[in-house]
Amino acid sequence: MSVEDRHWLLWYSVLFGRLLIRYNVHRQTSHSRAFIITLLLLTAICAVVSWLFLSFNDDITETLVSRWEALSQPRVFVVQCSEDYENHKRFPGCTPTKCGRAVSDNVVTKEEAQMLKRLAERGLSLGGSDGGASILDLHSGALSWGKKFVNIYRYFSAEINDVFTEDDFKLYGDVRGRIQRVIAETFGLDPTQMHLTKPTFFSRINSTGAKTTHDEYWHPHIDKVTYGSFDYTSLLYLTDYSVDFGGGRFIFMDPDGNRTVEPRSGKLLVKQTRPNPDTFVWNRGCRVQRRVSFFSSGSENLHRVEKVAWGTRYAITVSFTCDPDHAISDPILP
């Protein structure tokens, strides 16, 4: 619904409410009964008006790619590079010269995403934040634990081989490699000049209120400013927007408005051989792809995450640097 449509609906709601109130006051012989009915009608109208007012925020957000679309190739949205990269050592073939944000539906299958989600669930089941945001970092071992963090490998050394398997870590590394390659191909980079960097982590977010500042995930920020090593950031959703969780959208905050990419819910698709080999069509029983969004990490991509309204949002943030001094390796099961 557009802003204009909502304005008209708001106007009609108020007008209709006024007419109903006048009608009931006129019809009722008992002033007390008329007062009660009027009060109830006013309450209902206020609820509608409040809903419409809050819904206006939806129109601030432009959806770059909806969850109903299936992309046969990455969709790129070019933005002008910020000056953030000038404050850091430059690496030819890697440091952003073409900035933007992009979306791909051909990197990770739904089955792989489900396996990664189960990996995150097993790890986070050992801890979890008292607030609404928990993280699991397989590289450093950081795990949310109440109002603090513990090292999952040290704190749960006896149980760790019952929680994770070698196959879990192999899949994690494979997916990381695919994300790295699609970023390199999309932005015209030398993938050998890109390095995984920290923090790279699983996140679990629900609607529980924040207990510490670590739970306040919704503040606007710039990755390159927050983490100087970041040059490219990616986000792989492991649950579906509007199916498994509401709110929780990743929002780019541009000077002329806010924009988001909706995590695509599990659609069944197959590559069509005729008439266009590059298009996709829905077909039950075929392989399902998951959506990955990625972007250059500077001020050109100021962003925030909406508060999760309901359900649970699982995702993986995978970050890359051009500076080999800030490189980290894929995690290894102890």
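The following dialogue works through several descriptions of this predicted model and the values behind them.

Trainee: What makes the confidence in this model uneven along the chain?

Mentor: The mean pLDDT of the protein chain is 82, and 75% of its residues reach 70 or more, but over residues 1-30 the pLDDT is below 50, although this stretch has 31 contacts in the model beyond near neighbours in sequence. Residues 265-286 also stay under 50, with 43 contacts beyond four places in sequence.

Trainee: Why is R291 called buried?

Mentor: The cut-off for buried is under 20% relative accessible area, and R291, which is found in strand 15 (residues 289-296), has a relative accessible area of 3%, so the term buried applies.

Trainee: How do you know that the side chain of R291 makes a polar contact with the side chain of D105?

Mentor: A polar contact requires a pair of N or O atoms within 3.5 Å, and the distance between the side chains of R291 and D105 is 2.8 Å, which satisfies that limit. In addition, a polar atom of the side chain of R291 lies 2.9 Å from the backbone oxygen of S66.

Trainee: What makes strand 3 largely enclosed by the rest of the structure?

Mentor: Strand 3 covers residues 99-109, and 10 of its 11 residues are buried, so the description as largely enclosed follows from that count. Strand 3 is joined by five bridges to strand 2 (residues 75-79), running antiparallel, with V79 standing opposite C99. Six bridges join strand 3 to strand 15, again in an antiparallel arrangement, and there the bridge partner of V103 is S293.

Trainee: Why are strand 1 and strand 16 said to stand at the edges of their sheet?

Mentor: The sheet is open and has four strands in the order 1-12-11-16, with mixed pairing. Strand 1 (61-65) and strand 16 (303-305) each have a single partner strand, so one side of each is left without a neighbour in the sheet. From one strand to the next, the twist averages 30°.

Trainee: How do you know that strand 1 and strand 12 are paired?

Mentor: Pairing calls for at least two bridges, and four bridges join strand 1 to strand 12 (residues 257-261), so the criterion is met, with the two strands running parallel. One example is E62, whose bridge partner in strand 12 is R259.

Trainee: How do you know that the span of helix 6 agrees with the expected value?

Mentor: At 1.5 Å a residue, the 22 residues of helix 6 (residues 166-187) should span 32 Å, and the end C-alpha atoms are 32 Å apart, so the two values agree. Helix 6 is followed by G188, with a positive phi near 70°.

Trainee: What makes the phi of S242 and the bond between K198 and P199 worth noting?

Mentor: Most residues other than glycine have a negative phi, and most peptide bonds are trans. The phi of S242 is positive, near 70°, and S242 is found in the loop between strand 9 (232-237) and strand 10 (245-247). The bond joining K198 and P199 is cis, with omega about 0°, and P199 is found in strand 8 (residues 195-205).

Trainee: Why is P324 called partly exposed?

Mentor: Partly exposed lies between the limits of 20% and 50%, and the relative accessible area of P324 is 45%, so the label fits. P324, in the segment after strand 18 (313-321), is in contact with F91 and H195, leaving aside neighbours within four places in sequence.

Notes: Residues are numbered from 1 along each chain as its sequence is written. This is a predicted model: local features need pLDDT of at least 70, side-chain atom pairs count only at pLDDT 80 or more; totals for chains, interfaces and linings use all residues. Side-chain values use heavy atoms; hydrogens and water are left out. Axes are lines fitted to C-alpha atoms, for helices over the stretch in contact, and angles run from 0 to 180 degrees between N-to-C directions. Buried means under 20% relative accessible area, exposed over 50%, partly exposed in between (1.4 Å probe, protein chains only). A polar contact is a pair of N or O atoms within 3.5 Å; within protein, one must be able to donate a hydrogen and the other to accept it, and residues adjacent in sequence count only if both atoms are side-chain atoms. pLDDT is the predictor's confidence in each residue, from 0 to 100. Contact means heavy atoms within 4.5 Å. The expected span of a helix is 1.5 Å times one less than its number of residues.
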